[in-house]
Amino acid sequence: MVKAMVRSSGVLVPSGGAVDLSGIGSTLTVDAPRSLRRLTQFRAAARAIVLYGVTLFAVVTVIFAIPRAMPGDPIAAREDPTDSLYVSDPAVRERMLAYYGLDKPLVVQYREYLGRIVKGDLGWSISRNMPVRELIGKHLPWTLMLMGTALALSSAISFLAGIGAAWRRGGARDRALVVAMTGARAMPEYAIAAVLVIIFAVLWPILPLYGSKTPFAEYASPLALVVDVARHLVLPAAALTLGLMGNKFLLVRNTTIGVLGEDYMVLARAKGLSDRRLKFHHAGRNALLPFLTVLGIQVGFAVGGSVFVESVFAYPGMGTLILRAVEQRDYPVLEGCFLTLATTVLIVNLLIELVYARLDPRIGSTS
Amino acid sequence: MTATIAPTVEPAQDETPAAAIPRRRRRPGIGWLGIFFLAVFVGMALFAPRLAGYRVTELAGEPLESPGPGHLLGTNLVGQDVASQIVYGARMSLFMAIVAGGLTVFVGALVGMIAGWAGGRTDAVLMRVVDLFLVIPSLPLLIVLGAYAGPSMTAIAVIVAATAWPPSARVIRSQVLSLRRRAHLQASVGFGARNTHVLRRHVMPEIGLIAAASFVGAAGRAVMMEAGLAFLGLGDPTRASWGRLMRDALDFDALFNTSAWQWWLLPPAVCITFFLLGLTFLGVALEQRINPRLARHATAHRRPR
């Protein structure tokens, strides 16, 4: 008997069984009227929006709490002329004290902090002496491009390879892929990136070593600029893609293997459908929803991986910004980066959840 | 909302019955390979003072000496012995694997057992917290925490565990949920056993294998995160770490103009990869023990066409 499941924030809960109408053990599922389906989808969407809103609020609160709860004083070193982190410019010190506002009661601090965040004010960078928001605005697009490329590429490759491997499971290619993907999953992104640099930029120098553009280059045409940027993107994107591929590949492969023996697959084959149709319309489709769930989880990993990869290639995104901020212990920048990256991940996850609600035939269907 | 969840019965999905699959000769599994890799690094960590010719910070030779009899992996920019740093770096990774990995599973198991056993509202609240943690990107959070917590080894282990426990909590909760319905547990409750007794006597032994698999995974993530934080400059500066070794190498501008990358950048990258491969292989083997269906899929023969 098939049980209808409703996905509520990542947990599968049963929502009543299908009714056995024929009395011989088969189940008959009837689609709910369109309007009802719409309504349930709308409710799922509203729920997701509230959930992610609450999560964002929690992130903001955590950022507020960390400097106040951790041992040590973030300001002491800045006011000590013998310390390497000493800030000599009194105006910058002034802004820094205002950022923390530690002389006021905690509730007032929290209220002021929330007010600033709502206005989009992320504080003042101590080391660069400029608003954190401007710094992030300059760096975020590069990270988004890198992450977007890697997520799209790794999804496409792992989906196709996963179905292919499941189709001929146990074969030489399947086994090689499983071993390679398990290995890729084990390697941290910075190690992958280092190995790629060594192979494709040092031993066989066909791609640039670092950066996002050739320094001081003057471009003859906009196309030349695009080509240059794309050439610089290849290695970082490849490193991140390799890091993100393994999980998705293994998931698609195992899900697909699970359905290959199902009766409807035998029927579809008996009908004489082409292999292509069998693979993608009948078998692969089942992997789509779990795939989306994993993709959502991976967006968070992609953020971390991107930070690592960028700091190998000195790619001018958030990772490089974070790397420099760590050196200078520039806390407002680190906190701003965390907030921005967390918001990005939450937005992408929300979108994925909405797509999920639309794709999943079980949401809003009654039996 | 009731917290009972129907046990999912997996339908038999292999078209060939298990008996029909010709039995292969048993090969030493992938798990043993993993244990071998790990044993090498454990040995390295245990005998670090004997294996390493120099102390980590000692200026042992000229800057950037090539590998030779005195320095097996050459020296870095200030003349420290790279091989010694690698050997001592194994200690850092092993410490993270055991302490941070163990702490992660401890917290995860505690939360998972409470959520799964208590059910109801407790379960719902705890699982919302887990969901919340799972969508927040952990590396940027770790960076902020690490920047404030300071660079001590223990502090790093604690913050890694603090951000990494939710997946193991979820796995262990679902195991506890399936245990709840077993007759001997029901009987134990019926005889008036306290919650702590049931959890300690009946639940804990049953989640051992799952917790072990969970530990292997958590240990891998912890090793990766410590090396990553050290790579970003947030590690303990007084101790050798493979991540910091890679960072130092990459910070040297002319790294790729010389051949120094061969003995300075590559060895730590290879070490961390093989350490993590060891843990992954061990994890795969454990998962196959827990869920034999996975193993059958992995080695199933080609479908007859």
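Is Cys271(B) buried or exposed, and what is its relative accessible area? In this predicted model, Cys271(B) is buried, with a relative accessible area of 11%. Cys337(A) is also buried, and its relative accessible area is 1%. Disulfides were sought across the whole structure, and the count over all chains is zero.

The two chains can be described in turn. Chain A contains 13 helices and two strands. Its length is 367 residues, of which 47% are buried. Contacts in chain A with a separation of 6 or more were examined by distance along the sequence. Residues 24 or more positions apart account for 72% of these contacts. The exposed area of chain A is about 17,700 Å². Carbon and sulfur atoms supply 65% of that area.

Chain B has 14 helices and zero strands. Read from the N terminus, its elements run α-α-α-α-α-α-α-α-α-α-α-α-α-α. Chain B holds 305 residues, and 49% of them count as buried. Of its contacts between residues at least 6 apart in sequence, 69% join residues at least 24 apart. Chain B exposes about 15,000 Å². Carbon and sulfur atoms contribute 62% of this surface.

Salt bridges were counted next. Over all chains, the count comes to eight. One of them joins the side chains of Arg173(B) and Asp123(B), with an N to O distance of 2.7 Å. Arg173(B) lies in helix H7 (residues 166-180) of chain B, and Asp123(B) lies in helix H4 (residues 120-135) of chain B, so the pair ties together parts that are 50 residues apart in sequence. Both partners were then checked for burial. Arg173(B) has a relative accessible area of 10%, so this residue counts as buried. Asp123(B) is buried too, at 6%. Both values fall under the 20% limit for a buried residue.

A further salt bridge links Arg239(B) with Asp236(B). Here the closest N and O atoms are 3.4 Å apart. The two partners fall into separate accessibility classes. Arg239(B) counts as partly exposed because its relative accessibility is 41%. Asp236(B), by contrast, is buried, with a relative accessible area of 10%.

Arg244(B) and Asp248(B) also meet through their side chains in a salt bridge. The N to O distance is 3.8 Å. Both residues, Arg244(B) and Asp248(B), belong to helix H11 (residues 242-251) of chain B. They are four residues apart, about one turn of the helix. Arg244(B) is partly exposed, with a relative accessible area of 21%. Asp248(B) is likewise partly exposed, at 28% relative accessibility. In addition, a network of salt bridges links Arg128(B), Asp131(B) and Arg170(B).

Gln80(B) was examined as a loop residue. The loop that holds Gln80(B) runs between helix H2 (48-51) and helix H3 (82-118) of chain B. Gln80(B) has a relative accessibility of 15%, so this loop residue counts as buried. The side chain of Gln80(B) makes a polar contact with the side chain of Gln85(B), at 3.1 Å. Neighbours within four places in sequence were set aside for a list of its contacts. On that basis, Gln80(B) is in contact with Val56(B), Thr57(B), Glu58(B), Leu59(B) and Ala60(B). Gly74(B), Thr75(B) and Gln85(B) are also in contact with Gln80(B).

The surface of chain B was searched for patches. Val42(B), Leu46(B), Phe47(B) and Leu51(B) make a nonpolar surface patch of about 400 Å². Val42(B), one of these patch residues, is found in helix H1 (residues 30-46) of chain B. At 31% relative accessibility, Val42(B) counts as partly exposed. Patch residues need over 30% relative accessible area, so Val42(B), at 31%, meets that cut-off.

Definitions and conventions
Residues numbered from 1 in each chain as written. Chains lettered and ligands numbered in written order. Predicted model: local features only at pLDDT ≥ 70, side-chain atom pairs only at ≥ 80, totals over all residues. Heavy atoms only, no water. Patch = residues over 30% accessible without salt bridge, like charges linked within 9 Å, V, L, I, M, F, W, Y side chains within 5 Å. Areas by Shrake-Rupley, 256 points an atom, 1.4 Å probe, with all protein chains shown as cover. Salt bridge = Lys/Arg side-chain N within 4 Å of Asp/Glu carboxyl O. Buried < 20%, exposed > 50% of the residue type's maximum accessible area, 1.4 Å probe, protein only. Disulfide = S-S within 2.5 Å. Polar contact = N/O pair within 3.5 Å; in protein donor to acceptor, adjacent residues only side chain to side chain. Contact = heavy atoms within 4.5 Å.
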